[in-house]
Amino acid sequence: MLDRHIAFLEALRSAGLSVSLAEDLDAIAALSALEWGSRQTVHAAYAATLVKKQSQRPTFDALFDLYFPRMVGSGAGAATGSGDGTGDGEGDGPDAAGQQFTVRDGAEALRDFRERLAEALAADDRQALGDLAAEMVARFGAMPGRGPGLSSWSAYTALQRVAPNDLVDRLVAGLLAEGRTEEEAERTAGRRVGGFTRLVEDDARRRIAEEKGPEHVANVALRPSIDRLDFLSARRTDLEQMRREIYPLARRLAARLTKEQHAQRRGPLDFRRTVRASISTGGVPLTTHHRPKRPHRTELVVLCDVSGSVANFAQFTLLLVFALRDQFQKVRAFTFIDHVHEVTEHFRPGADVVDVMADLAASTSHAALWGRTNYGRAITKLAENHADALGPKSSLLILGDARSNYSDLALDTLGELVGGIRNAWWLNPEHRRHWDNGDSAASRYGAVVPMVECRNLTQLGEFVHDIL
């Protein structure tokens, strides 16, 4: 149990959850005070002592299921034949209801399973759905006889065979008969089928973890927490969750900055005044004097690439910058693909985030003439048409992957722009190992403007804090 506990905490840390030694000891103390007969109790104790943010909960739950699974193999009472997926498909074995089935797959077995699944979805029976998910992987997701290094279980194969999404219309009809509205019925049906799909994926991961160890699955099959998920690999549902995280992140950053500014109210040491004041006392006691602090706020100009998948990264960065606009003296933002377009007007005080995202998406067409990313042309047009945006008090923030389709990079023009302003930074959403591959000019641009890897919300928040 101790080895499993330590491995579980290491997996949490590797997934991005900050678990300190004190929290480790808190978890042990909580478990020492509770009965271990209930898996739900152990799960709740770990969650209460180790999880700090709600956004980390899905990652925590997935790792807990790997290291402390609710069953082993096909569960209690499973036969050694086709029920555990290791037989030849001709033996007998029990299904989720404890009844015997004679074939693991086939038209009759599939029809019977889909019928029981439809009934469980209609009743929203969580226990039955969990059992059916385990049975579904065992009967329709087994892939025996695979070569070394390949898993014997596949959630994708099971889902393709059973196709639970095909049951949505039937489920919607049943919900409509119960008096639900069409919109509510469709939303409920989609949520139930989506939940069952996740149960199937979880069970396949559990079985693979039994074969190869939970560490292997934790490293290759689990998605990181939302604040550490790469912008470029995020799915649509991940993007929605990221948008919900932007403004809480902005509030945390603003509170942190305010606290640090209050703690640093004094300016630099005034050595001359300190020495003069100490002469009358012979230096005992020594009272330090400081120069008046001259706080200044940055005038920020943002130039962001909105082509392809990089657009998601640019939108999140723009949203965070404008959520923190009170921390800057002035903010102006420009988007480009091969033409520069100003979007500052979309970030009105009090604007709804959904409206802002819609306006940004609609304005993308104004940032393109031919539709091929051209950093050199964008930099040139910024210098020609918006030179008033950049001055001695300004800082320039460029967002993009530095992939310019082998076009002219306008390095001299960029150097002239950077030479006349206070600071410049370049945020690149690609992993550093991909820089300079193909048409990437990351190192050439990085020689002019310091380039920073920024692949997730955590890195983005740390960068914005540093420049402020």
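This passage walks through a predicted model of a single chain, from its overall make-up to a few helices, strands and loop residues.

Taken as a whole, the chain holds 18 helices and 8 strands. It runs to 468 residues, and 46% of them count as buried. The accessible surface adds up to about 24100 Å², with carbon and sulfur atoms supplying 51% of that area. Plenty of the contacts reach a long way along the sequence: of those between residues at least 6 apart, 68% link residues at least 24 apart.

How far the model can be trusted varies along the chain. Mean pLDDT comes out at 80, and 82% of the residues reach 70 or more. Helix α17 has the highest confidence, at 94, while strand β2 (residues 100-101) has the lowest, with a mean of 42. Across residues 79-103 the pLDDT falls below 50, though this stretch still has 54 contacts in the model beyond near neighbours in sequence.

Towards the start of the chain, helix α3 (residues 39-50) is a handy place to check geometry. With 12 residues at 1.5 Å a residue, α3 should span 16 Å, and its end C-alpha atoms do sit 16 Å apart, so the two figures agree. A good part of α3 is hidden from solvent: Val42, His43, Ala45, Tyr46, Ala47, Thr49 and Leu50 are its buried residues. These pack against three other helices, namely α1 (2-14), α2 (21-32) and α4 (57-67).

The α2 side of that packing can be followed through one residue, Leu31, which lies in helix α2. Leu31 is buried because its relative accessibility is 6%, and the cut-off for buried is under 20%. Leaving aside residues up to four places away in sequence, Leu31 touches Trp36, Val42, Ala45 and Tyr46. Of these, Val42, Ala45 and Tyr46 are among the buried residues of α3. Leu31 and Val42 are 11 residues apart along the chain, and their C-alpha atoms are separated by 6.8 Å.

Another helix residue, Arg116, belongs to α5 (residues 107-123). Despite its charged side chain being of the sort one might look for on the outside, Arg116 is buried, at a relative accessible area of 16%. Its C-alpha atom is separated by 9.5 Å from that of Leu129, 13 residues further apart along the chain.

Strand β3 (residues 299-305) is mostly covered, with 7 of its 7 residues buried. In a regular strand, side chains alternate between the two faces of the sheet. In β3, one side carries Glu299, Val301, Leu303 and Asp305, the other carries Leu300, Val302 and Cys304, and all of them are buried, so both faces are covered. Two strands pair with β3. Strand β4 (residues 330-336) runs parallel to β3 over 7 bridges, and Asp305 has Phe336 of β4 as its bridge partner. Strand β6 is also parallel to β3, joined to it by 6 bridges, with Glu299 standing opposite Ser394.

Two residues in the loop between β6 and α16 deserve a look for their backbone angles. Most residues other than glycine have a negative phi. Ala402, which sits in that loop, has a positive phi, near 60°. Tyr406 is in the loop between β6 and α16 as well, and its phi is likewise positive and near 60°. Their surroundings are another matter: Ala402 is buried, at 0% relative accessibility, whereas Tyr406 is exposed, at 66%.

Past this loop comes helix α16 (residues 411-419), whose buried residues are Leu414, Leu417 and Val418. They fall on the same side of α16 because they cover an arc of only 95° around the axis. The face turned away from this buried side carries the exposed residues Asp412, Glu416 and Gly419. On the buried side, the packing partners are α15 (375-385), β6 (394-399), β7 (423-428) and α17 (442-446). Two of these have already come up: β6 is a parallel partner of β3, and α17 is where confidence is highest.

Notes: Residues are numbered from 1 along each chain as its sequence is written. Side-chain values use heavy atoms; hydrogens and water are left out. Helices (H or I, at least four residues) and strands (E, at least two) are DSSP runs, numbered from the N terminus. Buried means under 20% relative accessible area, exposed over 50%, partly exposed in between (1.4 Å probe, protein chains only). Contact means heavy atoms within 4.5 Å. Accessible areas come from the Shrake-Rupley method with a 1.4 Å probe; for residues, only the protein chains shown count as cover. The arc is that of the directions from the helix axis to the C-beta atoms. pLDDT is the predictor's confidence in each residue, from 0 to 100. The expected span of a helix is 1.5 Å times one less than its number of residues. Two strands pair if DSSP finds at least two bridges between them.
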